Amino acid sequence: MILYNDQLVKRGDVQIGIEDRGYQFGDGVYEVLSVYDSKIFRLKEHLDRLSYCAQQLGITLPVSLAQLETNLYQLIKTENVQNGQLYFQVTRGAAERNHLIPESSQSVLTGYATFKPRPIEHMEKGVSVITTEDIRWLRCDIKSLNLLGSVLAKQKAAEQGAYEAILHRNGIVTEGSASNLFIVKDGKLHTHPTGNLILNGITRVAVIEYANELCIEVMEQPFTLDKLKRADEVFLTSTVNEVMPIIEIDGKTVASGKVGELTRRLQQVYEARLKHL
Ligand code: PMP
């Protein structure tokens, strides 16, 4: 079943107009959420971010956040997805094609749940990444459906046998194509500050919280590619990847090439918290 505005319907019963602005302009926002043991990880934070992003673009949500919360739980129950992922998006809806924002259009929400195993093996062993220039727009804080900058970066990584592309603007590391990036240097965590250049990941916020609880200092300050390559530990975070160790960057190992100690500790806290959602 598919969540279609405020109803669960069969996939074939969803009707999206060819002039839907999500389809023609990427005019919409989306969220990806993880389901663990039939509970949605940090649902409130996802809904708050959705609300912020929609508001930044002047998109009116077709349902209230409370209704959406109920519907998402209904969706995972109906689909029997106890562990997996939820995807949903809201577009501005259909209107005669024109760049200008239509005075009235009915926004459209579609969403679905899928079973997807956690990337356990990668989390255990760590992954390799490449670095590439960040060619995205300057409102990366909005989780917009326009993803071509990320698509091209991730494709480039895959073509080089890497798991993710780490983006930089003029040598300053921003984030991954679909993840946030952290480094550890001399026992401190470093990550790019929030603002228009990165998406403030729900996992990023969770990891900063967990680090604070472990009394690990977190520096939310820009750092260079050079610093990234000299880091003691590097990991990325995202809903799908949780805390994912990076052991190789552009073909060179990070420190000794083994998953770092702080990364492991944060993975353990993350795991422990899943039991108390
Ligand atoms: N940055 C970008 C560009 C992303 O696409 C994602 C994944 N949605 C993230 C960061 C991580 O966000 P979250 O932890 O909310 O999944």
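## Exercises: a ligand shell and a helix

Leu199, Gly201, Ile202, Thr203 and Thr239 come nearest among the 14 residues around the ligand (a residue is near if its C-beta atom, placed from the backbone, lies within 6 Å). The model is predicted: local features need pLDDT of at least 70, side-chain atom pairs count only at pLDDT 80 or more, and totals for chains, interfaces and linings use all residues. Residues are numbered from 1 along each chain as its sequence is written.

**Exercise 1.** Find which elements supply at least two residues of the shell around the ligand.

*Solution.* Start with the elements: helix H6 (202–213) and strand E13 (233–238) each do so (helices, H or I with at least four residues, and strands, E with at least two, are DSSP runs numbered from the N terminus). Next, rank them: H6 gives the most, three residues.

**Exercise 2.** Check the span of helix H8 (residues 261–274) against 1.5 Å a residue.

*Solution.* Take 1.5 Å times one less than the number of residues. For the 14 residues of H8 that should give 20 Å, and the end C-alpha atoms are 20 Å apart, which agrees.

**Exercise 3.** Work out which residues of H8 are buried, and how they are arranged.

*Solution.* First, list them: Leu262, Thr263, Leu266 and Gln267 (buried means 20 or more other C-beta atoms within 10 Å of a residue's own, exposed 12 or fewer, partly exposed in between, with C-beta atoms placed from the backbone). Then look down the axis of H8: these buried residues fall within an arc of 140°, so they line one face (the arc is that of the directions from the helix axis to the C-beta atoms). Finally, turn to the other side of H8, where Glu261 and Ala272 are exposed.
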